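Work through these exercises with the sequence and model side by side. Try each task before reading its solution.

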Amino acid sequence: MTERKQFRAIKGTRDILPPESALWNHVEQTAREVFSTFGFGEIHIPELELSRLFERAVGDDTDIVAKELFTWVDSPRANKGIREARVKAIGANYRGNDPVAPLREEMIRLIGEGNFDKLAEANRISLRPEGTASVCRAYIEHGMYTWPQPVKLYYIGPMFRRERPQKGRYRQFYQIGAEVLGQSDAPAIDAELLEMLLGYFDRVGLTRTTLYINSIGDKRCRPLYVELLRGELRKVKGNLKEDSRRRIETNPLRVLDSKIPEEQPIIEKLPRISDHLCDDCRAHFAKLKEELALRSVPYQENWRLVRGLDYYTRTTFEVTAEGLGSQNAVCGGGRYDGLVELLGGPTTKGIGFAIGTDRVVLALSSILDTLVPNEEIPTSPISTLMQRPDLVVTGTTEGTWSRATVLAQSLRRRGLSIFLPKPGTKLPKVFDAAQKLGIRVAIIVGENESQGNQYAVRVLQPTEPKSPRDLRIPFDDVVRYGKLVKLRQDLERSLARLSTGVEPTPRGIALSRITQTLIAEGILPNRVGGTIQDLMSILNSAIHGKELTSGSVDWALATGNLLLNELETINPFREKENA
Ligand code: HAM
């Protein structure tokens with residue numbers, strides 16, 4: 001027992017299990033679909049980078065870098081020979097702009113001098129705390145500034161920050177990030193990115209979000225404002241708490257982030273950056289608001305939104321969602337013109353965001369929990385996201401299990417999801433397990449059938465007393481029957497999701513293909529096929545984010561339930577049996 005309890009996920013990390021993992025897939029897949037309609041391509045960036053990259057990009061004095069990086073020295077003394085060769089090779093091969101070129105030269109020099117302590121310091125690596133720095137590094141490293149501009153990239157994956165864990169805050173957490181890099185800083189780019197972001201939250205089913213925007217000026221006007229702010233803060237220093245007092249000197253903007261109740265009336269009276277923007281920044285922000293209105297993107301201005309990373313200029317934004325408690329920011333982002341230059345690349349403008357996947361999943365789960373599932377379809381909303389097997393395939397004797405294994409293989413190759421129990425499991429146990437998984441039909445490979453490529457079918461749910469218990473059918477009929485079962489299940493899932501307000505995934509497309517096959521094979525009457533097509537046009541509208549009237553949703557649910565009943569009575573073998 002003690003052995004079993006010995007290992008646990010380390011502090012701030014956790015496992016994501018089914019059915020929750022299906023919700024994660026939905027959240028990530030929806031991002032892929034929505035972002036691709038805006039011309040974004042997916043980039044995979046390493047989870048490890050030189051620490052210097054984050055120190056330079058995110059800023060030495062930020063919490064993320066100063067307190068939260070997971071960093072270590074990749075010991076050079078241990079494998080000096082390999083390292084020396086590698087560093088030399090990289091050093092000799094790099095061409096053009098290389099963000100870490102000065103660092104590599106420094107490393108080669110230190111090797112030459114045999115100064116391994118210093119080399120170790122230069123060779124510190126960190127688990128990435130965010131993705132923007134890596135994307136900019138990759139933009140320079142791969143010469144993406146020679147591609148058609150702007151370059152639009154998104155990334156999905158884990159980030160690491162040594163924070164104090166709590167609900168919605170983890171040490172390994174996940175982000176869905178998007179970045180636009182190029183020559184233009186037109187406010188239309190900012191507005192389009194925000195349109196995409198809110199469109200995403202809509203599509204994924206996260207309602208009741210609020211977008212906050214601000215402009216924090218650029219390198220001309222911000223320093224003047226910061227000095228003004230510092231001056232004002234010094235005057236009220238005595239009334240501020242320890243953290244804010246320290247920040248007056250280190251980073252006065254961060255005082256605006258304070259959540260301490262006693263400090264709020266003081267902060268409200270401080271000068272606001274919106275009154276101190278230079279003409280260009282003011283015009284940029286005004287145009288952004290026009291562009292947002294043009295796209296019907298709702299927003300609120302928040303002059304205190306300064307963000308905790310150093311690279312931002314002008315536009316900053318955050319999205320919050322309800323039901324998450326104190327960790328309610330589901331997305332943060334902003335403009336970072338000049339970051340690529342800071343990392344050694346050419347003059348480049350940039351803007352992006354990162355969505356906190358953990359928090360989106362948390363918020364969606366709490367919405368799903370409050371929804372009452374349709375009585376006709378007794379499934380929980382999250383479980384509607386799970387794929388359940390279409391059929392169980394089982395042997396009955398030692399000799400038939402190998403045939404069952406081969407049958408399962410052929411059916412899976414035809415796109416059916418098969419539950420194949422452990423060889424030797426007795427039939428009652430097989431049926432019991434299958435029913436728990438929600439499987440309706442069993443295909444049984446018996447001694448006699450195995451000779452003539454015949455298989456027995458047993459309907460497990462709902463049990464039909466009148467139907468022949470084990471109908472014998474050939475392989476082709478197993479495939480057809482399997483498709484009918486699949487159609488029923490997919491339809492059921494889509495309806496359950498429509499009724500709970502979760503977007504029916506593009507499984508509608510698979511539904512359409514199966515329906516056509518079954519009509520062509522004469523299993524589904526044309527009449528039923530027509531109803532399914534009508535139903536699917538409603539499901540597809542929902543998939544494409546169109547507003548549905550409650551009338552059309554009611555129609556879809558009622559028709560869908562009738563259709564499910566009808567599908568239940570279609571037995572593709574009955575006709576043959578009678579003939
Ligand atoms: P960030 O505000 O540090 O921005 O993080 C973005 C989002 O990641 C947050 O709004 C939150 O939802 C989620 N998040 C952050 N830390 C944690 C945590 N410890 N646990 C759970 N979720 C967390 C950035 O990372 C920037 N790179 C965004 C960006 C992209 N700006 C421009 N481009």
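**Exercise 1.** Which strand gives the most to the shell around the ligand?

*Solution.* This is a predicted model: local features need pLDDT of at least 70, side-chain atom pairs count only at pLDDT 80 or more, and totals for chains, interfaces and linings use all residues. Residues are numbered from 1 along each chain as its sequence is written, and side-chain values use heavy atoms, with hydrogens and water left out.

Step 1. Collect the shell, taking a residue as near the ligand if one of its heavy atoms lies within 4 Å of it. The ligand is surrounded by 26 residues. E130, E163, E179, Y312 and A329 are the closest.

Step 2. Find the strands (DSSP runs of E, at least two residues, numbered from the N terminus). Strand 6 (172-182), strand 10 (329-335) and strand 11 (349-356) each supply at least two shell residues.

Step 3. Pick the top contributor. Strand 10 gives the most, with six residues.

**Exercise 2.** Sort the shell around the ligand by residue class.

*Solution.* Step 1. Set the classes. Ala, Val, Leu, Ile, Met, Phe, Trp, Tyr, Cys and Pro count as nonpolar; Asp, Glu, Lys and Arg as charged; the others, Gly among them, as polar.

Step 2. Count. The shell has 11 nonpolar, eight polar and seven charged residues.

**Exercise 3.** Locate polar contacts (N or O atom pairs within 3.5 Å) of the ligand.

*Solution.* Step 1. Check side chains. An N or O atom in the side chain of Q175 is 3.1 Å from a ligand oxygen.

Step 2. Check the backbone. G352 places a polar backbone atom 3.4 Å from a ligand nitrogen. For G356, a backbone N or O atom lies 3.4 Å from a ligand oxygen.

**Exercise 4.** What does the salt bridge of E42 link?

*Solution.* Step 1. Apply the cut-off: a side-chain nitrogen of Lys or Arg within 4 Å of a carboxyl oxygen of Asp or Glu. The whole structure has 34 salt bridges.

Step 2. Find the partner. E42 pairs with R32, with the closest N and O atoms 2.9 Å apart. The pair links distant parts of the chain: E42 is in strand 1 (residues 41-42) and R32 in helix 2 (residues 20-37), 10 residues apart.

Step 3. Check exposure (buried under 20% relative accessible area, exposed over 50%, partly exposed in between; 1.4 Å probe, protein chains only). E42 is partly exposed at 30%. R32 is partly exposed at 26%.

**Exercise 5.** Is K67 buried or exposed?

*Solution.* Step 1. Read its area. K67 is exposed, at 53%.

Step 2. Inspect its partner. K67 meets D63 in a salt bridge (3.5 Å, N to O). D63 is partly exposed, at 24%.

How values were computed: Helices (H or I, at least four residues) and strands (E, at least two) are DSSP runs, numbered from the N terminus. A polar contact is a pair of N or O atoms within 3.5 Å; within protein, one must be able to donate a hydrogen and the other to accept it, and residues adjacent in sequence count only if both atoms are side-chain atoms.
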